[in-house]
Amino acid sequence: AVGLTGSGTISFTDCNFRNNTAVRHAGALQNFGALGMQLNITGGEFIGNSTTETTAGGGGALSFRGSETETVIDGVRFSGNTAGKDGGAMRIAAANTVVVKNTEILSNTAVNGGGIFVNAGNVDFGGVLQGNIATDKGAAIYVAGKSVTRLNNAILTENQSTNNAAGICVNSSADVSLNNCSIFGNSSTTTSTSTAWGVAIF
């Protein structure tokens with residue numbers, strides 16, 4: 001639906017993105033900006049957006065692929081978004097800084113990172129991740145690559161993965177911290193003892 005490049009400040013206030021579809025990246029909104037890009041998303045909803053490719057990309061609603069951009073997401077609802085690969089609601093890659101607060105990420109689906117997939121950059125999340133589904137790992141959040149992810153006052157509940165980590169799946173090279181978070185009621189559907197590890201955090 002929307003692709004952003006270059007630098008400057010762009011703001012969306014109380015905007016609703018519904019039922020948009022892309023092949024590889026960002027069903028609704030892609031930030032492919034550069035140093036100096038400031039994106040503000042305040043209020044509104046991202047509902048039923050999707051990407052279809054199953055071998056690469058993702059971010060059913062949002063994809064961050066630029067470099068050294070700054071984004072603040074405040075009071076937004078993401079629901080029912082689907083990625084063919086990673087990041088049902090959002091996929092964050094490259095050296096971007098993303099701050100998410102007072103936000104609900106509900107019932108989104110992807111292979112990895114049903115709610116959020118972080119491949120690089122700095123992410124600060126505060127809000128609710130509920131009812132998201134990963135057909136592989138990290139139903140709420142999958143943190144991969146060399147990234148820094150901080151969860152502050154977050155609730156992760158009722159997320160479901162097929163294999164590891166219905167809550168948070170963390171790659172060995174990632175830096176993840178949790179402060180005052182609640183993680184409960186998440187589940188894995190696998191019956192294999194070789195993949196049923198770390199239902200809450202792996």
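Start with Phe46: leaving aside residues up to four places away in sequence, Phe46 touches Phe17, Ala28, Leu29, Ile41, Ala61, Leu62, Val76, Arg77, Phe78, Ser79 and Asn81. Keep in mind that this is a predicted model. Phe46 also turns up in the largest nonpolar core, a group of 34 residues, where it is listed with those that have the most contacts inside the core. As for the overall make-up, the protein has 23 strands and zero helices.

**The cores**

- Besides Phe46, the residues with the most contacts inside the largest nonpolar core are Leu62, Ile73, Phe78, Met90 and Ile116.
- Plenty of strands chip in: two or more residues each come from E1 (2–13), E4, E7 (62–64), E10 (90–92), E11, E13 (116–118), E14 (121–130) and E16 (141–143).
- Which element gives the largest share of this core? That would be E4, with four residues.
- Another core, of five residues, lies apart from it, and Phe117, Tyr142, Ala144 and Ala165 are among its members.

**Strand E8 and its partners**

- Strand E8 covers residues 70–74, and its two faces are not alike: Thr71 and Ile73 sit on the covered face, while Glu70, Val72 and Asp74 sit on the uncovered one.
- That pattern fits a general rule: in a regular strand, side chains alternate between the two faces of the sheet.
- Ile73, on the covered face of E8, is also one of the residues with the most contacts inside the largest core.
- E8 runs parallel to strand E4 (residues 29–42), and five bridges join the two.
- Within that pairing, Val72 of E8 stands opposite Asn40.
- E8 also pairs with strand E11 (residues 97–106), again over five bridges and in the parallel sense.
- Here Asp74 has Lys101 in E11 as its bridge partner.

**A four-stranded open sheet**

- Four strands make an open sheet in the order E12-E15-E19-E23, and their pairing is parallel.
- Which strands are at the edges? They are E12 (109–112) and E23 (187–188), each of which pairs on one side only.
- E23 runs parallel to E19 (residues 160–161), with two bridges between them.
- One residue pair to look for is Gln160 with its bridge partner in E23, Ser187.

**Cysteines**

- How many disulfides are there? The count is zero.
- A disulfide is a covalent bond between the sulfur atoms of two cysteines.
- Cys169 is in no disulfide, and the nearest cysteine sulfur, which belongs to Cys181, is 17 Å away.
- Is Cys169 buried or exposed? Its relative accessibility is 2%, so Cys169 counts as buried.
- Cys15, on the other hand, is partly exposed, at a relative accessible area of 28%.

**The whole protein**

- The radius of gyration is 15 Å, close to the 17 Å that the globule rule gives for 202 residues, so the protein is as compact as a globular protein of that length.
- Along the principal axes, the C-alpha atoms fill a box of roughly 50 × 30 × 25 Å.
- Of the 202 residues, 50% are buried.
- Looking at contacts between residues at least 6 apart in sequence, 82% join residues at least 24 apart.
- About 7,900 Å² of the protein is exposed, and carbon and sulfur atoms supply 48% of that area.

Definitions and conventions:
Residues numbered from 1 in each chain as written. Predicted model: local features only at pLDDT ≥ 70, side-chain atom pairs only at ≥ 80, totals over all residues. Heavy atoms only, no water. Buried < 20%, exposed > 50% of the residue type's maximum accessible area, 1.4 Å probe, protein only. Pairing = 2+ DSSP bridges. Core = buried A, V, L, I, M, F, W, Y, C linked by side-chain atoms within 4.5 Å. Contact = heavy atoms within 4.5 Å. Disulfide = S-S within 2.5 Å. Rg over C-alpha atoms; globule rule 2.2 N^0.38 Å. Areas by Shrake-Rupley, 256 points an atom, 1.4 Å probe, with all protein chains shown as cover.
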